[in-house]
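Me: I would like a close look at one part of this model. Start with the overall surface, then go to the second largest pocket.

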Amino acid sequence: GKKEHMLLEERCALCSIAQDISQRLTTLDYSTLVTGLETLRNHYGLFPIPLTVKVTTKIYTHQYQRLLSSLDDADEEFSKDVAHLVSTFALWNKDKRDHPELMDAENPSFQPLVTLLNDQFGKGDDDDDVDSNPDDESAADDFDELMRQSSSRPPATSKDADDGEAGEIKQQQEERRRALEEYSKAGLRKHALASALGALFQDDCFISLLNHVANEQLKDKLVTFSQAFLDAIDTDEAKTWLTKSPIGKRLADAYDGAIKFHKLVCVLLEVETSSSVSEQDILVFERYHGPCTFRRAVKSLMTSPEPESSSKSEIKAQSRDLLRKLKIDALRTAATSGPAQEKMKVFISQLDSCDRTLAPGCCTILANVLQEMDMLANKTRPGATKPLKDAAVRFTKEIATKATGER
């Protein structure tokens, strides 16, 4: 009848959408993907884990582009959005966040997959000896077959459609549970999640931002992201999870590489962070000779001029020059900057607490500061002496103002 025909058409439409997502995900327009996911929401449980990972990765990539590609100012709202996005990578914080959903276009998260894979590990399953292939499409092919089977099932009778709705929902839930269990091991063996996180943490947008640090807006965006990432990810809780948890161990290399990059950013651009950073974070990249394309690209930005190409621009050339200068300054002052910074803190404290009364010896501290200023500047990076200079100017103005007022 008419109703049965309509149900069959709906199933065929679901099959078509599923095939588009599984076979054309890379080139699929993002808005089309979001619409398709909304249509398939009740069938997410049938998605194989590798495909779910790829879809979630595409959503994250879209969020990267939305936040990091524009020249808008890195305002407070931007900082909040970045902090929220970065917090979703803290997969050990599952009890501290709202329960995320699979393939949520607004709030992507790998947490549901981690929970599923953790259950698999909990059974003692370890596939270290399995030959892994993250790009294997067999699971996606199976997904297509599942969707084709669902579209070719005999249409329900009118009575079934009217009276069996509750039973169908229950059956779908059971299918979802079985499908998730069936594909959990396959997804695990392909290391799909580790591969996806590694790709996200080494996304081209970070190379692009680093290659545009001479632009203040883009530099601020990179700085904001690096600060937020280290604050959320480089923590004792994270280190415990990445070294003790079975699934955490699988993901440790991806997180380690990301932490190294964002520490480099903070060292080069003199960004305050809760992480411990040093010149070693520069040398990790400068001395790198391995196969990782991302690290080689970062090294090139710090050590080589902008190559001649159709994409060469003045801002890129300026950014590379700036990065090389920052790197040289950071390494030059690595051994002397710490003690010099501590000495400047002492001077600033003395200037701020010194009596502003004009009297013999009242400017002894100021004289000592001025005498040491050039030496401190040579032992620190450019601009490091500004707080001390500001303190000296402030002291001079205040003592002069007080002396003038007392006359």
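What does the accessible surface of the chain come to, and what share belongs to carbon and sulfur atoms?

Reply: The accessible surface of the chain comes to about 21,600 Å² (Shrake-Rupley, 1.4 Å probe). Carbon and sulfur atoms hold 50% of that area. This is a predicted model: local features need pLDDT of at least 70, side-chain atom pairs need 80 or more, and totals for chains, interfaces and linings use all residues. Numbering runs from 1 along each chain as its sequence is written, and side-chain values use heavy atoms, without hydrogens or water.

First, the setting. The chain has 19 helices (DSSP runs of H or I, at least four residues) and zero strands (E, at least two). Of its 407 residues, 43% count as buried (under 20% relative accessible area, 1.4 Å probe, protein chains only). Take the contacts (heavy atoms within 4.5 Å) with a separation of 6 or more: 75% of them join residues 24 or more positions apart.

Now the pocket. The second largest pocket (an open set of 1 Å grid points, with protein on both sides within 12 Å along at least five of seven lines) has a volume of about 830 Å³ (probe spheres set on the points). It is lined by 26 residues (an atom within 4 Å of a point). Closest to its centre are Glu 270, Val 277, Ser 337, Gln 341 and Arg 381. By class, the lining has 11 nonpolar, nine polar and six charged residues (Asp, Glu, Lys and Arg count as charged).

Which helices build it? Helix α17, residues 337–353, gives the most, with seven residues. Helices α13 and α19 (386–406) each supply at least two.

Follow Arg 381 outward from the pocket centre. Arg 381 is in contact with Asp 329, as is Pro 382. These two are the contacts of Asp 329 once its neighbours within four places in sequence are left aside. Asp 329 sits in helix α16, residues 314–332. Asp 329 counts as buried because its relative accessible area is 11%.

Follow α13 instead. Helix α13 spans residues 246–268 and gives the largest nonpolar core its largest share, 13 residues. That core (buried nonpolar residues joined through side-chain atoms within 4.5 Å) has 85 residues. Tyr 64, Phe 89, Phe 110, Leu 197 and Tyr 255 have the most contacts inside it. A second, separate core has 15 residues, among them Ala 340, Leu 366, Val 369 and Met 373.

Terms used. Buried means under 20% relative accessible area, exposed over 50%, partly exposed in between (1.4 Å probe, protein chains only). On a 1 Å grid over the protein atoms alone, a cavity is a set of points where a 1.4 Å probe fits but cannot get out, and a pocket is an open set with protein on both sides within 12 Å along at least five of seven lines; lining residues have an atom within 4 Å of a point.
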